[in-house]
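Colleague: I would be grateful for a close look at the salt bridges of this model. Please set out the confidence of the prediction beforehand.

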Amino acid sequence: MHVRNTTAASLVQIMIRLNTNQDAEANHSESNGYPMNVNNSKMDNKSKELINGQMKDDFDVEDDVNLDDIESRDVWSGKLDFILSCVGFAVGLGNIWRFPYLCYKNGGGAFFIPYLLFLVCGGIPILMLEVGLGQYTSLGGLAAWNICPLFQGIGVATLVVVVLLNLYYIIILSWAAYYLVQSFSTVLPWSTCDNDWNTDRCSLDSSRLILNNQTAGVISTNVSSNISFNISSNLTSAFNISSDLTNASTVDPTVEFWERKVLQISGGIDQPGGVIWELAICLLVVWIVVYFCVWRGIRWTGKVVYFTATFPYLVLLALLIRGLTLDGAVNGIVYYLKPDLTRLMDPQVWIDGGTQIFFSYAIALGAMIGLGSYNKFNNNFYRDCTIIACINSGTSVLGGFVVFSVLGFMAKLQNVDIDQVADKGPGLAFITYPKAVSEMPLPQLWAVLFFVMIFTVGLDSQFVGVESFVTHFVDIFPRYLYKRSGRMIFTGVYCAVSYIIGLTMVTKGGMYVFQLFDYYAASGMVLLWLCFWEAIVIGWIFGADRFYDAIEMMIGYRPNVWLKICWKYLTPLITLGIFVFHIVQFSPLKYNLSYEYPGWAQGIGIILALLSMVCVPVVVVKAFLTSEGSQKEVIISFNTKKQILMHSVCNAHSDWLSD
């Protein structure tokens, strides 16, 4: 097949994509611009000619197009594949190390009030919107937004975000892999002060490891001023190592291992230093693992997640049982859940609840659209999304019990309050928890289990992100990438290029680069911006009623009216409100609460954010500038109705492709 432009290529896929949806009902007829009634029959030659002719006239497809040249698009081999893939992608490190911290910080059990409110008003509606859109169009996050040509920039923006996210999220996995290898040592290297990287200030005095911004070994959270809620779970604030560290009389060996052995951090972003080859090797191994998780397509990936999405729960259960047996565990859990309703008067509590929801559900990245696109047309995604939401939020609550049972133990051990050892982000994963396991019997066993859990929780988030990227381009170049060999080569090249770029983040100055990406590239402002436009487009431009008709055609009934209310009113209001809050509260990125990034670095960071955000208005402006008067009036409704009709006709009669 040869197609002149991307839009035409995507529409060709609409015509052939659902030939695998054999369970879908067939033979749609038009009513008010979209399909309504169905019956079973096979598409005849006249219908084929009509569709081909319509495409050539309207979508600039050249005369030599032959739909039979393109192989069929993959679908999930089982319904559980889709659910586990969504769970694996959405349930990430933030569920383990950020949600518990926000609970204790924002009033314990009282925090569940804003959390649940934003869950039902924002998180679940956008999740169902994206999955439903992907399933209906059978297209990835880029091409699916062709249903509303004026806002195709949303798809472009999600592609940019997922590319940037894949570059730096995997760095966390390389750290976890390094710690995992070190966990097999006879003596845990972060538990002693007699290593080459230790200084004279190293001390085994457990009272020194108090994680607030006033003591040694600290990782400041700085949540109130800098809320970055991307999928990597607010790493920016978590890596602000307190400036008091350099003035402390003693430093815990866990901190020195992290700072002097793992990071070997330099004096600034303009001092990159050399590559830390241990981390570079770990990064290479992780990229190889990711490649082999996705190389054979979605059917293969759907089987991989049976392990990567379920095994972390076995480890979490083991860690929970161990944590509950520790002295002081009950105190930690009480501190985690004890409600303080007075905290609800603080607007920051509500902002934290909203941001936690929008990043923990991994929306506005195009990945959920891509995963939904591999569903059969009549799959009950409404039910599946409800299950996914319950598992996702339930995991966050479970993670809180695991974390705070150990924090209670640490507080009892050090004879301090729990708020002095409570932390979020990598400070918990790479300092607090390693310190805790070093104090337990059989420390190597618990260290291995913990870092295997961290690695597998992050792994499926990473390779599903890679799968999302690949899906974008599969829809653009189906002739080559529907073939397994073409997909393997393309995926391999992408992973190799990403690894090379990622080497900049495993140098001695790599932490500064990493933080720059995390703070700007997939920040809260970016994701909120995209969620806002997704709700506006489906609720108002495409039409919530029309989308409900599409859902009814897929699952056989219309969902509760609540989703329509959210898409049209509540979700745009919530996302816009939090977005404005981020703008007002924005402050330039700092490291160590004292190191200020130079102006050129801040400029690069702002560019990373704008790379995706400007896609939406740029495409809108371009569409109006390049269209003529009468076309401006119908650019949304006419093309939308036409594409839906064409897609549904092919859904109804897809059997002819196998002739």
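Modeller: The account below takes up confidence, then the salt bridges, and then one helix.

This is a predicted model, in which local features need pLDDT of at least 70 and side-chain atom pairs count only at pLDDT 80 or more, whereas totals for chains, interfaces and linings use all residues. Residues are numbered from 1 along each chain as its sequence is written, and side-chain values use heavy atoms, with hydrogens and water left out.

The pLDDT, the predictor's confidence in each residue on a scale from 0 to 100, has a mean of 78 over the chain, and 76% of the residues reach 70 or more. Helices (DSSP runs of H or I, at least four residues) and strands (E, at least two) are numbered from the N terminus. Confidence is highest in helix α10 (residues 277-294), at a mean of 95, and lowest in strand β3 (residues 219-220), at 34. Over residues 1-70 the pLDDT is below 50, and it also stays under 50 over residues 648-659.

A salt bridge is counted where a side-chain nitrogen of Lys or Arg lies within 4 Å of a carboxyl oxygen of Asp or Glu; the count comes to 13. One of them joins Lys303 to Asp81, at 3.5 Å from N to O. Because Lys303 belongs to helix α11 (residues 298-308) and Asp81 to helix α3 (residues 79-90), this pair ties together parts that are 222 residues apart in sequence. For burial, the classes are buried (under 20% relative accessible area), exposed (over 50%) and partly exposed (in between), with a 1.4 Å probe and protein chains only. Asp81 is buried, at 0%, while Lys303 is partly exposed, at 44%.

A second pair consists of Glu467 and Arg487, whose closest N and O atoms are 2.5 Å apart. Glu467 lies in helix α18 (residues 443-476) and Arg487 in helix α20 (residues 484-502), so the bridge ties together parts that are 20 residues apart in sequence. Both Glu467 and Arg487 are buried. Elsewhere, salt bridges that share partners join Asp252, Lys435 and Glu439 into one network.

Arg343 and Asp346 also form a salt bridge, at 3.1 Å from N to O. Arg343 is partly exposed, with a relative accessible area of 22%, and Asp346 is likewise partly exposed, at 26%.

Finally, helix α7 (residues 153-182) has 30 residues and should span 44 Å at 1.5 Å a residue; its end C-alpha atoms are 45 Å apart, which agrees. Of its 30 residues, 26 are buried.

Key:
Contact = heavy atoms within 4.5 Å. Expected span 1.5 Å × (residues − 1).
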